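Me: I should like to learn how to read surface exposure and helix packing. Could we begin with the term used for a residue at the surface?

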Amino acid sequence: MASPLPPTTTTAEKIGIDEEEAANEVAVVAEGGRGTWKHAAFHVATTIATPAAYAPLPFALSSLGWPLGVSSLVGGTLSTWYSSLLIASLWKWNGQKHITYRLLGQSIFATYLVASLGNNIAIQIAAGSSLKAVYKYYHPDGALTLQHFIIFFGAFELFLSQFPDIHSLRWVNALCTFSTIGFAGTTIGVTIYNGKKIDRNSVSYSLQGSSSSKAFKAFNALGAIAFSFGDAMLPEIQNTVREPAKKNTYKGISAAYVLIVLSYWQLAFWGYWAFGSQVQPYILSSLTIPKWTIVMANLFAVIQISGCYQIYCRPTYIFFLEKLLSQKTSNRIPFRNHLIRLLLTSVYMVVITLIAAAMPFFGDFVSICGAVGFTPLDFVFPALAYLKAGRMPKNRTVHRSMQIINITIATWFSVVAVLGCIGAIRFIVEDVRTYKFFHDM
């Protein structure tokens, strides 16, 4: 049974949509999402399993060491899978759809913007780095810098931003999911190959630096791991899924996490094994041979990041479009809504591209975004929201167990958020002192 429709006629009049377009929107709202659990899996996998998310994991492990690194990675995987199921279970928990994180928790919208914007800054740097690596393979003495490729990628994302919604990008995200598999398979294989070519006696797994440096590196690594599981888009994804939305989303999440485990854990463990404490923040930068496979891995990375970028910029677009299109202006301006969308997306791309080009410190943005943005959204908020919503099982034993688990997750990851933020800020300050703005990394 479809839920009652909002007063769409009034909304259409406010934002200047013609009657036919408004009728189409009403039909979409009435029938609900149209995606299957497979589409949900594509979207979730594209959102989480981006090369920019798991390429830093070997470096994170090198800052923590084998025991703490492995336990942190496994703990992060299980916690976010559990938290994602909690968020999915809150779909219509009070009889109303909560189709965005902003609607599900108004009080965390500021944090959500940090996660969304910070994520796209980090992955745009990663995409630019991969494009530059491909360029240098064919033109070793070429004059183009990292900043040029960050701009090129931003221009392509501006084009994709003109598609109306996430569902219209479902086939792009399907391609991105296959690119994730391609990137993981290629990078893991090349990493093992490089590791076997290195003199194993020269590889050290000891933590580097002074005691304070080790501590800050560990804090930074916790933020990077939190970033790698960032999924602040689940309500938006669930809104594109057909009924039964909860069941289909559960299946989509679990299917996506199978891919995540196969890619994340393998790359993290093999990357740290191959290069030890000398592994680079972006694993592709540590690979040297064979060149053609490194080029292929970088191309897979760019394709996958292009879809992930779109998923994270959509809520920001929606938030500002609602405000801009609700203003009473002349409806007779040709293509008014399209022009407003083009202007908004252009401003967004210019801002993100400018920051990414000016401060291309990939590892630092990964950590600060994970600590300040994704840790509250993906670990703390789901656990507390589920308790607050009163959706606990009636079975006393299960009820008490879930209370303990949720409180433990919220408490521990609140600590992780603080520590990760401290570590990330320290390294950002150091990099700003070391490098000039618009440095060609």
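Reply: A residue counts as exposed when its relative accessible area is over 50%, and as buried when that area is under 20%. Please bear in mind that this is a predicted model. Tyr138 lies in helix α8, and because its relative accessibility is 56%, Tyr138 is classed as exposed.

Me: Which residues make the nonpolar surface patch of about 460 Å²?

Reply: The patch is made by Tyr137, Tyr138, Trp292 and Met296. Two or more residues of the patch come from each of the helices α8 (109-138) and α14 (291-325).

Me: Is Phe178 buried or exposed?

Reply: Phe178 belongs to helix α10, which spans residues 170-197. With a relative accessibility of 53%, Phe178 is counted as exposed. As for its spatial relation to Ala45, the two residues are 133 residues apart along the chain, and their C-alpha atoms are separated by 9.8 Å.

Me: How should the packing of two helices be described?

Reply: In general, the description of two packed helices consists of the angle between their axes and the distance between those axes. Here, helix α5 (residues 57-64) packs with helix α6 (residues 66-89) at an angle of about 135 degrees, and the axes are 7 Å apart. That angle makes α5 oblique to α6, since only angles over 145 degrees would count as roughly antiparallel and those from 65 to 115 as roughly perpendicular.

Me: What is the handedness of the crossing of α5 and α6?

Reply: The α5 and α6 helices cross in a right-handed manner.

Technical notes:
Residues are numbered from 1 along each chain as its sequence is written. This is a predicted model: local features need pLDDT of at least 70, side-chain atom pairs count only at pLDDT 80 or more; totals for chains, interfaces and linings use all residues. Side-chain values use heavy atoms; hydrogens and water are left out. Patches are made of residues with over 30% relative accessible area and no salt bridge: like charges are joined within 9 Å, nonpolar side chains (Val, Leu, Ile, Met, Phe, Trp, Tyr) within 5 Å. Accessible areas come from the Shrake-Rupley method with a 1.4 Å probe; for residues, only the protein chains shown count as cover. A salt bridge is a side-chain nitrogen of Lys or Arg within 4 Å of a carboxyl oxygen of Asp or Glu. Helices (H or I, at least four residues) and strands (E, at least two) are DSSP runs, numbered from the N terminus. Buried means under 20% relative accessible area, exposed over 50%, partly exposed in between (1.4 Å probe, protein chains only). Axes are lines fitted to C-alpha atoms, for helices over the stretch in contact, and angles run from 0 to 180 degrees between N-to-C directions. Angles under 35 degrees count as roughly parallel, over 145 as roughly antiparallel, 65 to 115 as roughly perpendicular and the rest as oblique. A crossing is left-handed if the near helix is turned anticlockwise from the far one by less than a right angle, and right-handed if clockwise.
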